[in-house]
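Welcome! Here is a short briefing to help you find your way around a protein you have not met before. Take a look at the sequence and the model first, and then read on.

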Amino acid sequence: MSEFERILELMEKNNVSAYKLSKATGISQGNIGNWRNGRSGPSYGAIVKIASFFNVSPEYLQGKTDIPMPAHAAYPGGALAPINTKDPQIAALLQSLEGLDSDGLRLVQGFVDMYKGQKK
């Protein structure tokens, strides 16, 4: 699936028009139209903005993973954690985190940090 196909899928699933996506992200409707027509593809900057809007990771939009990890589940500085989708335990864990609000994610991160501290 191409980047724009994944974006289009999210637009349809969330009932978001090109106009609404343009207004929310600052990406011109002309650029979105060019992606739709295959004249060009989204830049990485556009992917990051769209990922943030739909609350998924840029890697999900790029087709590097099928797990739409929330964009806010990132390490300090905005770098996303590498995702090993070949490990079924990690994939299951990431899927179980979907839908948690920011408080829930912070709580889980606190447990992980506490556990790692005990393992030192």
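A pocket here is an open set of grid points, on a 1 Å grid over the protein atoms alone, with protein on both sides within 12 Å along at least five of seven lines. A pocket volume is the space filled by probe spheres set on the points. With that in hand, the second largest pocket of this predicted model has a volume of about 250 Å³. Below, the tour goes from the overall picture to helix α1, the pocket, a charged pair and two backbone angles.

**The overall picture**

- The protein has seven helices and zero strands, so if you follow the elements from the N terminus on, you read α-α-α-α-α-α-α.
- Of the 120 residues in the protein, 29% are buried.
- The accessible surface comes to about 7,800 Å², and carbon and sulfur atoms hold 52% of that area.
- Among contacts with a separation of 6 or more, 37% join residues that are 24 or more positions apart.

**Helix α1 and its two sides**

- Which residues of α1 are buried? They are F4, R6, I7, L10 and M11.
- These residues cover an arc of only 160 degrees around the axis, so they sit on the same side of α1.
- On the other side of α1 you will find E12 and K13, which are exposed.
- The buried residues of α1 pack against α2 (18-25), α3 (29-36), α4 (44-54) and α5.

**The second largest pocket**

- This pocket, with its volume of about 250 Å³, is lined by 14 residues.
- Closest to the centre of the pocket are L10, K13, F54, N55 and V56.
- L10 is one of the buried residues of α1, whereas K13 is exposed.
- Which helix gives the most to the lining of the second largest pocket? That is α1, with three residues.
- Both α1 and α4 supply at least two residues each to this lining.

**One salt bridge**

- How many salt bridges does a search of the whole structure find? The search finds one.
- The partners are D66 and R6, whose side chains meet at 3.0 Å, N to O.
- D66 lies in the loop between α5 (58-61) and α6 (88-97) and R6 in helix α1 (residues 3-13), so the pair ties together parts that are 60 residues apart in sequence.
- As general background, side chains of opposite charge can pair when their charged atoms come close.
- Is D66 buried or exposed? D66 counts as exposed because its relative accessibility is 59%, and the cut-off for exposed is over 50%.
- R6 counts as buried because its relative accessibility is 8%, and buried means under 20%.

**Two asparagines with positive phi**

- Most residues other than glycine have a negative phi, which makes the next two worth a look.
- N15 follows α1 and is found in the loop between α1 and α2.
- Although N15 is not a glycine, its phi is positive, at about 55 degrees.
- N15 counts as exposed, with 69% relative accessibility.
- N55, one of the residues closest to the centre of the second largest pocket, is found in the loop between α4 and α5.
- The phi of N55 is near 60 degrees, a positive value in a residue other than glycine.
- At 36% relative accessibility, N55 counts as partly exposed.

How values were computed. Residues numbered from 1 in each chain as written. Predicted model: local features only at pLDDT ≥ 70, side-chain atom pairs only at ≥ 80, totals over all residues. Heavy atoms only, no water. Salt bridge = Lys/Arg side-chain N within 4 Å of Asp/Glu carboxyl O. Helix = DSSP H or I, 4+ residues; strand = E, 2+ residues; numbered from the N terminus. Buried < 20%, exposed > 50% of the residue type's maximum accessible area, 1.4 Å probe, protein only. Contact = heavy atoms within 4.5 Å. Areas by Shrake-Rupley, 256 points an atom, 1.4 Å probe, with all protein chains shown as cover. Arc of directions from axis to C-beta. 1 Å grid on protein atoms, 1.4 Å probe; cavity = no way out; pocket = protein on both sides within 12 Å on 5 of 7 lines; lining within 4 Å.
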